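Colleague: I should like to go through the terms used for this model and the values behind them. Please show the structure before we begin.

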Amino acid sequence: MDKVKVIEALGALAQESRIDIFRLLVERGPGGIMMGMIGEMLNLPHATLSFHLDKLRQAGLVTSKREGRSVIYSANYDALIGSIRYLTENCCKDSDMPCQIEITEK
């Protein structure tokens with residue numbers, strides 16, 4: 001992942017509602033959750049939720065798919081792992097301390 005994408009991801013997460021939404025999606029797993037349920041669980045009005053989901057989607061952190069009349073949102077784990085990898089790739093490079101961050105892919 002390149003620096004620009006990481007900046008976009010961090011910028012999108014630098015807002016309380018968006019980080020709550022993203023954390024909920026990460027906890028929910030790859031199956032995702034319907035938009036209406038996200039709004040109910042986080043007590044966010046539809047227009048507000050739609051705005052925040054769009055910001056997360058533009059940053060590449062969430063994906064959506066239509067199932068009938070519902071839209072299912074899920075976290076983009078590749079973007080999450082890529083951002084973490086970018087931020088930690090030189091962990092403890094200039095230190096005697098060993099890096100204790102491990103990112104494994106399934």
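Modeller: The discussion below covers the disulfide, the free cysteine, a loop residue and the nonpolar core.

Modeller: This is a predicted model, in which local features need pLDDT of at least 70 and side-chain atom pairs count only at pLDDT 80 or more, while totals for chains, interfaces and linings use all residues. Residues are numbered from 1 along each chain as its sequence is written, and side-chain values use heavy atoms, with hydrogens and water left out.

Colleague: Why are C91 and C99 said to form a disulfide?

Modeller: A disulfide is a pair of cysteine sulfur atoms within 2.5 Å. The sulfur atoms of C91 and C99 are 2.3 Å apart, so the pair satisfies that definition. A search of the whole structure finds 1 disulfide.

Colleague: What makes the disulfide of C91 and C99 right-handed?

Modeller: The torsion about its S-S bond is about 100°, and the disulfide is therefore right-handed.

Colleague: How do you know that C92 is in no disulfide?

Modeller: The nearest cysteine sulfur to that of C92 belongs to C91 and is 3.5 Å away. The cut-off is 2.5 Å, so C92 is not counted as bonded.

Colleague: Why is C92 called partly exposed?

Modeller: Buried means under 20% relative accessible area, exposed over 50%, and partly exposed in between, with a 1.4 Å probe and protein chains only. C92 has a relative accessibility of 24%, and therefore counts as partly exposed. C91, at 23%, is partly exposed, and C99, at 33%, is partly exposed too. C92 is found in the segment after α5 (77-88), and its phi is near 60°, a positive value in a residue other than glycine.

Colleague: What makes N43 exposed?

Modeller: Its relative accessibility is 68%, so N43 counts as exposed. N43 lies in the loop between α3 and α4; helices (H or I, at least four residues) and strands (E, at least two) are DSSP runs, numbered from the N terminus. Phi of N43 is near 55°, a positive value in a residue other than glycine.

Colleague: What makes a set of residues a nonpolar core?

Modeller: The term denotes buried Ala, Val, Leu, Ile, Met, Phe, Trp, Tyr and Cys residues joined through side-chain atoms within 4.5 Å. The largest such core has 21 residues, and those with the most contacts inside it are I21, L25, I38, L61 and Y73. α2 (16-28) is among the elements that give two or more residues to this core, and α2 gives the most, with 4 residues.
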